[in-house]
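Biologist: Please take a close look at the aromatic pairs in this model. How are the rings set against each other, and where do they sit in the chain?

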Amino acid sequence: MNTTPLHALQTSWRGLLASPYFTSLVTVALLAVLLACGGAAYPGFLSLQVLFNLLIDNAFLLVIAVGMSFVILSGGIDLSVGSVLALSTMLAAWLLQVWHVPPLLVIGVVLLLGAGFGAAMGALIHYFKLQPFIVTLAGMFLARGLCYLISVSSITISDPLFVAMSQTQLAVPGGFVSPGVLIALLTLALAIYMAHYTPFGRALYAVGGNEQSALMMGLAVGRSKVLVYAFSGGCAALGGVLFSFYMLSGYGLHAQGVELDAIAAVVIGGTLLSGGYGYVAGALSGVLVLGTIQTLIAFDGTLSSWWTKIVIGGLLFVFCLVQRLMARSAP
């Protein structure tokens, strides 16, 4: 038996890589480093309100990332979420401004349509054995195209409830947050409970780990897949509602590329792209990392906003490499 210090170090390193907490810890450490660098470089960066602003500006992305976490944990992918968000803003604005539908009814209709859109994609993926990439890519084009059937221009929202949700500041120690932040955090808490403390969550991990094994265990794989994509579509629609509160408009060009930001947040948060491994709570740390990078660039003032994409792309390469090392270190 080899007991040299080098062998012991290699064994410890492999054990650390195989730990289910490894990527989550890396993400939290990265967030701490980014915040420390910002605090050292820019006065006021670490004020509580700046940190709250990370959540205010990215509440809609957190909700979408929560839905994306479920899809990726199940071994799938959903490229339609950004377009569903845009369609939700357009539909909400059109119903409010043109048809004068009560706002609470509008929100309910938007959420139901988003969940139905996702469920339809999930059914196509499972029952027709189609690739999630292709089905959700088609969904992305379909939802974005439907936006322009409603209107080719932006529709301003002047409904009193939406305006109030946009302007309301909820006092918290050290500053304030928006109602959208509370909705996003409640969505995250509900998703964590669903993923880790319900039969649906256990089926989700089983399907993502090995679909054939899940079938042999008697799990309702088809129902789980449909529900996963319905949940993702519902989260995308809810993200659209929050985005409508934030922007007070519906527009077909809203949220272009948000689906990639959501995937990046989920991967950086520690969920394996191959499925069956990760934590829904990692969506929060992933979104905060992306938001902190954007804030650092905004504080600098001399860098192009495209540096955000460059840095995020580099981080994705690193985290994909870490995931590959984890897979090789797994027993």
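**Aromatic pairs**

Modeller: In this predicted model, the count of aromatic pairs comes to nine, taking ring centres within 6.5 Å as the limit. One of them joins Phe162 and Phe245, whose rings stand edge-to-face, with 4.9 Å from centre to centre and 70 degrees between the planes. The angle earns that label because edge-to-face begins over 60 degrees. This pair links distant parts of the chain: Phe162 belongs to helix α7 (residues 160–167) and Phe245 to helix α11 (residues 221–247), 83 residues apart. Both partners are shielded from solvent by the accessibility criterion. Phe162 has a relative accessible area of 1% and is buried; Phe245, at 7%, is buried too.

Another pair is made by Phe243 and Tyr246, with centres 6.5 Å apart and planes at 40 degrees, a tilted arrangement. It is called tilted because 40 degrees falls between the limits of 30 for stacked and 60 for edge-to-face. Here the two residues both lie in helix α11, three residues apart, which is about one turn of the helix. Their exposure is as follows. Phe243 is buried, with a relative accessible area of 9%, whereas Tyr246 is partly exposed at 42%. Tyr246 gets that description because 42% lies between the 20% and 50% cut-offs.

Elsewhere, Tyr42, Phe45 and Phe299 come together as one aromatic cluster.

Key. Residues numbered from 1 in each chain as written. Predicted model: local features only at pLDDT ≥ 70, side-chain atom pairs only at ≥ 80, totals over all residues. Heavy atoms only, no water. Phe/Tyr/Trp six-rings, centres within 6.5 Å; stacked < 30°, edge-to-face > 60°. Helix = DSSP H or I, 4+ residues; strand = E, 2+ residues; numbered from the N terminus. Buried < 20%, exposed > 50% of the residue type's maximum accessible area, 1.4 Å probe, protein only.
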